[in-house]
Amino acid sequence: MSEEQLADVVGGIVEVSAEAIGQATARQAQLTKPAGSLGALERAGIQLAGIYRTSPPPVPGCATVGVFAADHGVCAQGVTPWPQEVTVSMLLNMAAGGAAINVLSGQAGADVMITDVGVKLDYPASPRVRDRKVAAGTRDLSVEPAMTLEQALAAVAVGLDAADEAVASGATILLTGEMGIGNTTPSAALISVFTGAAVATVTGHGAGVDDEVLAHKVEVIERAIALHSPSADDPVSALAAVGGLEIAALVGFILGGARSQVPVILDGVIASAAACVAAAIAPAAKGYLIAGHAGLEPGITAALAHLGLEALVDLGLRLGEGSGAVLALPIVRSSAAILSGMATFADAGIEA
């Protein structure tokens, strides 16, 4: 993908429907309940009306979780205690149906689409893993740019294609997922760049590092940002400098969902970082984003505040994979069902 082709994608993303939002807001006020009494369900239902461009909105039925896997060269700096072999192990576990995302997706009635966009190590081919590898992991972002501009754009294209494939197969809502040892480090870097928050305030313990490793992780990110001077005004270059291949693919997945006018439920900190990049590339894409869960990583809070989003659930999760997004899916579906199925005061013969 070229920058010109990405610009064409951005040009195809339109704002959500203000007219449908107005109609849904008016309908919410007439439903047989005190105004605002269903809280986030009301807000989500109104947003769905704007996304689907009709009120009441349809209940999103067919859901696809896009899980993108990749490795990170910055692991060489000791920012995680986990070896990169775990990326392969978990990828194959997902392919076999044994990961949390498989169980939760099965409960929610969502399909799982697994894509290798940048796993470093070799592994036996699986029919459940789509091979779209752009590179065998990123380079060490604290020493050199994580990706070339061409690699970043290629990974974005992988995500776009995945979104298009999911929608073509019937998906009416997309959910973000990922797998990649060390990926909270580039995510924190991107969130710092795009929100303007200090690195220390948006960097968390990831998959369980102690306070000493966390302090080192912050220093590594600060060094990388000082080295590359990434700017939110040039989002693709910033993504290439301090991002990751699966994060870039998630950027494309989000943009693809927005272009197809379907909602995209964000998972945790990795998806939040990708959403910051996607919104900088295409501001209209923000209207299609639903924050699934708040999670334990502090970067989520800063990213969602920057995007103007409120998380639907907060279960103290820090797993990733798409787990928080899938857990939020029944709530999103319920928000649409409320708008279409609940009686109005007039229907029930009650004075408003």
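The backbone nitrogen of Ile101 sits 3.1 Å from a polar side-chain atom of Glu321. This is a predicted model, and the distance comes from its coordinates.

**Glu321 and its surroundings**

The unreviewed UniProt entry annotates Glu321 as "active site". Glu321 lies in the loop between α13 (298–307) and α14 (323–341). Its relative accessibility is 3%, so Glu321 counts as buried, the cut-off being under 20%. Beyond its neighbours within four places in sequence, Glu321 contacts Val65, Val67, Met90, Met94, Ala99, Ala100, Ile101, Gly177, Glu178 and Asp267.

**Helix α4**

Met94, one of the contacts of Glu321, is also among the buried residues of helix α4 (residues 85–95). The others in that set are Thr87, Val88, Leu91 and Ala95. They span an arc of only 125 degrees around the axis, which means they lie on the same side of α4. The cover over these buried residues includes β1 (63–70), α5 (100–108), β2 (110–118), β3 (129–131) and β4 (173–179). After α4 comes Gly97, with a positive phi near 85 degrees.

**Salt bridges**

Side chains of opposite charge can pair when their charged atoms come close. The whole structure holds seven salt bridges. Three of them are tabulated here, with the distance given from N to O.

| Pair | Distance | Separation in sequence |
|---|---|---|
| Arg43 – Glu310 | 3.4 Å | 267 residues |
| Glu165 – Arg130 | 2.9 Å | 35 residues |
| Arg259 – Asp164 | 2.7 Å | 95 residues |

Arg43 and Glu310 meet in a salt bridge. Arg43 is in helix α3 (residues 39–52), while Glu310 is in the loop between α13 and α14. Glu321 is placed in that loop too. Arg43 is partly exposed at 45% relative accessible area. Glu310 is exposed at 56%.

Glu165 forms a salt bridge with Arg130. Glu165 belongs to helix α6 (residues 149–168) and Arg130 to strand β3, so the pair ties these two parts together. Glu165 is partly exposed at 36%, whereas Arg130 is buried at 13%.

Arg259 and Asp164 also meet in a salt bridge. Here helix α11 (residues 245–259) supplies Arg259 and helix α6 supplies Asp164. Both ends are partly exposed: Arg259 has a relative accessible area of 30%, and Asp164 has 27%.

**Cysteines**

How many disulfides does the whole structure contain? The search finds zero. Cys75 is buried at 15% relative accessibility. Cys276 is buried as well, with a relative accessible area of 1%.

Note on methods: Residues numbered from 1 in each chain as written. Predicted model: local features only at pLDDT ≥ 70, side-chain atom pairs only at ≥ 80, totals over all residues. Heavy atoms only, no water. UniProt positions renumbered as here; feature names shortened; annotations may be inferred. Helix = DSSP H or I, 4+ residues; strand = E, 2+ residues; numbered from the N terminus. Buried < 20%, exposed > 50% of the residue type's maximum accessible area, 1.4 Å probe, protein only. Contact = heavy atoms within 4.5 Å. Polar contact = N/O pair within 3.5 Å; in protein donor to acceptor, adjacent residues only side chain to side chain. Disulfide = S-S within 2.5 Å. Arc of directions from axis to C-beta. Salt bridge = Lys/Arg side-chain N within 4 Å of Asp/Glu carboxyl O.
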